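Student: Got a minute to go through this model with me? I'd like to chat about what sits where.

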Amino acid sequence: MTCQLLSGDCVDLLDDLAANSIDILYTDPPYIPPSHSSTLTKYKKTLSEMGILESFFKRFIEKVDRVLKDDGIFVIYCNCDSYAMFYIHLYPYVKKQRCFIWDKISCSLGYTFRHQHEMIICGERPNMKPIKCGTGDIFKYKVVKAKDKDHPAQKPVDLHTHILRNMIGDDTDKVVLDPFMGTGSIGLACKDIGCKYIGMEIEPEYFKVAQEKITMRDL
Ligand SMILES: C[S@@+](CC[C@H](N)C(=O)[O-])C[C@H]1O[C@@H](n2cnc3c(N)ncnc32)[C@H](O)[C@@H]1O
């Protein structure tokens, strides 16, 4: 298994990857609005801000299109705000889109409908072969406990392992690209599966945590 961890802005770093070199784009970008609850209370939505984010992700998808093989797949974590934007911008590059649900099994206490799921949009490239796994598309995995988190949006490694293992099967030559690595939960899943992984992260603090965790996983 090989892991390549790159520090910097993924929009620039993507230009350094060879064309048609990636099998699976599997990533968890920042959500719209931000998922940090402390930030959310102060967050004021504006359409112009959505426009900036939209043009960022449009450009991001164009860059991934260059490196993702034509039998590959886009797998992007999102919420109901960003799902529509990803659907529209993935549309020209894929033959089929589907939505997976991560069911967190329980929700926090409080008023109104409590949030218990995340969406994962998948875009299958024109030559992608059907995945012969026969599992459902709702995945039930508990969230990472607050005391164990190094990142406010940290995802459970076993969730990624389940999805990626079904996509990869026994072909550990497959290359997974994760341009929004955070603290490396997707890299850890790739390490457990034994496939190749390229992770990118803009924040030096999170990059260091990911680097340490992924390196330590072997020991
Ligand atoms: C939702 S978090 C990923 C969390 C990760 N899945 C985990 O379990 O730790 C998104 C990450 O993308 C990073 N990020 C945001 N913009 C970026 C960019 N342009 N290039 C690379 N990383 C970026 C953020 O710093 C953040 O750590």
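Student: Which exposed residues sit on the face of helix 7 turned away from its buried side?

Tutor: In this predicted model, that face carries E205 and M216.

Student: And which residues of helix 7 are buried?

Tutor: F207, A210 and I214. They span an arc of only 65° around the axis, so they end up on the same side of helix 7.

Student: What do those buried residues pack against?

Tutor: Strand 1 (3-7), helix 6 (185-193) and strand 8.

Student: How far does helix 7 reach from its first C-alpha to its last?

Tutor: Helix 7 covers residues 204-216, 13 in total, and reaches 18 Å, close to the 18 Å expected at 1.5 Å a residue.

Student: OK, switching to the core. How many residues are in the largest nonpolar one?

Tutor: It has 48 residues, and those with the most contacts inside it include I22, V64 and V176. Strand 3 (residues 68-78) gives the largest share of this core, 7 residues.

Student: Let's follow V176. What is V176 in contact with, leaving aside neighbours within four places in sequence?

Tutor: I24, Y26, L164, C190, C195, K196 and Y197.

Student: Now the ligand. Which residues come nearest?

Tutor: C10, A153, F180, G182 and S185, out of the 20 residues around the ligand. Helix 1 (10-13) and strand 8 (196-201) each supply at least two residues of that shell.

Student: How does the shell split by class?

Tutor: There are 10 nonpolar, 5 polar and 5 charged residues around the ligand.

Student: Backbone oddities next. Where does N20 sit, and what is its phi?

Tutor: N20 lies in the loop between helix 1 and strand 2 (22-27). Its phi is positive, about 50°, although N20 is not a glycine. For context, most residues other than glycine have a negative phi.

Student: Is N20 buried, exposed or partly exposed?

Tutor: Partly exposed, because N20 has 13 C-beta neighbours inside 10 Å.

Student: What about I105, where is that and what's its phi near?

Tutor: I105 is in the loop between strand 4 (96-103) and strand 5 (117-124). Its phi is near 75°, again a positive value in a residue other than glycine. I105 counts as exposed because it has 11 other C-beta atoms within 10 Å.

Student: Last one: what separation do the C-alpha atoms of I88 and K58 have?

Tutor: They are 9.2 Å apart, with their positions 30 residues apart along the chain. I88 is in helix 4 (residues 80-90), and it counts as partly exposed, with 13 C-beta neighbours inside 10 Å.

Technical notes: Residues numbered from 1 in each chain as written. Predicted model: local features only at pLDDT ≥ 70, side-chain atom pairs only at ≥ 80, totals over all residues. Near = placed C-beta within 6 Å. Helix = DSSP H or I, 4+ residues; strand = E, 2+ residues; numbered from the N terminus. Nonpolar A, V, L, I, M, F, W, Y, C, P; charged D, E, K, R; others polar. Core = buried A, V, L, I, M, F, W, Y, C linked by C-beta atoms within 7 Å. Buried ≥ 20, exposed ≤ 12 C-beta atoms within 10 Å, placed from the backbone. Contact = placed C-beta atoms within 7 Å. Expected span 1.5 Å × (residues − 1). Arc of directions from axis to C-beta.
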